Every structure is written in C-alpha cells, then in structure tokens.
Amino acid sequence: MQIRCNKFNIVPTLQRWNAAEDAPASSYTQQKQMGRSRYTITEADKPHFMTCTVMEWLPVFTRPETVQILLDCWQYQQQHAGLKLYGYVVLENHLHFIAQAPDLNKAVSSFKSYTARKIIDHLEAQHVERILDRLRFAKLAHRTDREYQLWQEGVHAELMFNETIMRQKLDYIHNNPVKRGYVNLPEHWRYSSASHYAGLAGLIDIDSW
Ligand code: NI
C-alpha cells in the first residue's frame with residue numbers, strides 16, 4: 001500500500017490522535033530553559049528514540065520523492081557520520097527513528113536542516129504552492145533566518161536505556177501504520193524498518209538491534 005492515505009479524509013481525527021499521543025510535549029526553547037529535559041538527547045553517543053514532525057502536521061511525505069530525501073540523508077550519515085539506524089517509520093506528516101552516532105545532536109540537526117532544504121527545493125520545483133504557503137506562514141511566527149519552516153522544533157528524544165525499552169519502541173515504531181489503519185501488518189508498510197526485522201528487503205540498510 002502506498003503512503004497516499006490522506007485521501008480517505010481521516011486526517012483531522014489522526015491529527016488529534018497525534019497531538020495527544022505523539023507530538024513533542026515542549027518546544028525546543030522550553031527544553032533549553034528546563035535544562036536536562038526528559039525529551040532531549042541526554043547521552044549523545046547512546047541510542048535515542050526521536051520524532052520529527054512537519055509544521056502544522058502538513059502531509060509532505062505523501063510524495064515518494066520527499067521520503068527518498070530522508071532515506072538518502074540517513075544513508076549518507078551511515079556512511080560518513082557513523083550513524084547507526086536501528087529502526088524508523090515515515091508517516092505522511094512525521095517520522096520516528098531510533099539512532100545512535102558519535103555526536104547524535106550534530107547528526108540530528110544536520111539531518112533536519114539538510115532534509116528541510118532539499119524537501120523545500122523539491123516542493124518549489126513541483127510548484128506545490130498549497131503546502132509552501134503554509135510552510136511560509138509557519139515560519140513567520142517562528143524564525144527569520146529562512147523563508148520556510150519545514151520541521152517543528154526539537155526531536156522529543158528519549159534515551160533507550162535498556163533492552164526492554166528498545167524493543168518496546170521498535171514495536172511502537174513499526175506499529176504506527178497499523179494503528180492508523182493503513183496496513184494489516186507492520187512489514188507491509190513501505191517506509192519503515194519493519195520489513196528488515198521480518199527478514200525481507202527494505203529500502204535502506206538497518207543496523208539490526
Ligand atoms: Ni507516530
């Protein structure tokens with residue numbers, strides 16, 4: 001099943017579900033004020049579960065080309081930045097992943113800035129004005145160093161401090177598309193590591209946990 005699932009017109013319900021279950025609880029600014037928050041990268045060389053969410057939950061990843069930008073960036077970081085990617089899922093407006101790197105803060109901030117720039121370039125080339133207008137507006141309320149804001153601030157990071165938590169989060173990641181009713185089995189979702197853990201080919205190399 002392709003990722004174009006918003007055609008079922010169930011997005012408002014899903015957005016509420018996400019806001020309650022999934023969304024970063026505090027902004028990056030709040031996290032900085034709070035210091036060592038539960039939702040920041042606490043030990044930069046250990047595996048963390050992280051979430052990146054598109055501004056206003058806009059469905060940017062209904063386009064396979066935009067998902068490819070994410071996969072290419074992770075692959076580059078696996079080869080050049082020591083990134084270990086243990087699991088991921090990409091939904092139409094957010095993604096979850098569990099990763100580790102010698103400097104995870106740096107890897108994640110480069111991931112967000114690089115993919116934002118490439119995705120905006122793609123949307124501009126494709127004249128996706130409806131989404132670009134919203135991303136331009138989203139930026140206005142935020143920062144002034146760029147024309148668009150693609151990603152919400154922060155990654156809502158959680159340290160995977162033991163085996164049980166790691167397994168729970170991998171299951172959580174892989175079950176996202178099932179819970180949303182997009183597929184019957186996790187490994188049927190094209191844009192996640194579930195197929196890798198089911199012994200099938202995936203779109204990107206995964207570091208098996
Ligand atoms: Ni989710």
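Following the protein chain from start to end, you will meet its elements in the order α-α-β-α-β-β-α-α-β-α-α. That makes seven helices and four strands. Please keep in mind as you look around that this is a predicted model.

**The chain as a whole**

The protein chain has 209 residues, and 37% of them are buried. How do its contacts spread along the sequence? Taking the contacts between residues at least 6 apart in sequence, 67% join residues at least 24 apart.

**Strand 3 and its partners**

A good place to begin exploring is strand 3, which covers residues 94-100. Why can this strand be called largely enclosed by the rest of the structure? Six of its seven residues are buried, so the rest of the structure largely encloses strand 3. A residue counts as buried here if 20 or more other C-beta atoms lie within 10 Å of its own.

Strand 3 pairs with strand 1 and also with strand 2. The table sets out the two pairings.

| Partner of strand 3 | Residues of partner | Direction | Bridges | Opposite residues |
|---|---|---|---|---|
| Strand 1 | residues 48-53 | antiparallel | six bridges | His 48 and Ala 99 |
| Strand 2 | residues 84-90 | antiparallel | six bridges | Val 89 and His 96 |

To find the pairing with strand 1 in the model, look for His 48, whose bridge partner in strand 3 is Ala 99. For the pairing with strand 2, look for Val 89, which stands opposite His 96 of strand 3. What connects strand 2 to strand 3? The link is a hairpin of three residues.

As a general guide while you view these strands, side chains in a regular strand alternate between the two faces of the sheet.

Conventions:
Residues numbered from 1 in each chain as written. Predicted model: local features only at pLDDT ≥ 70, side-chain atom pairs only at ≥ 80, totals over all residues. Helix = DSSP H or I, 4+ residues; strand = E, 2+ residues; numbered from the N terminus. Buried ≥ 20, exposed ≤ 12 C-beta atoms within 10 Å, placed from the backbone. Contact = placed C-beta atoms within 7 Å. Pairing = 2+ DSSP bridges.
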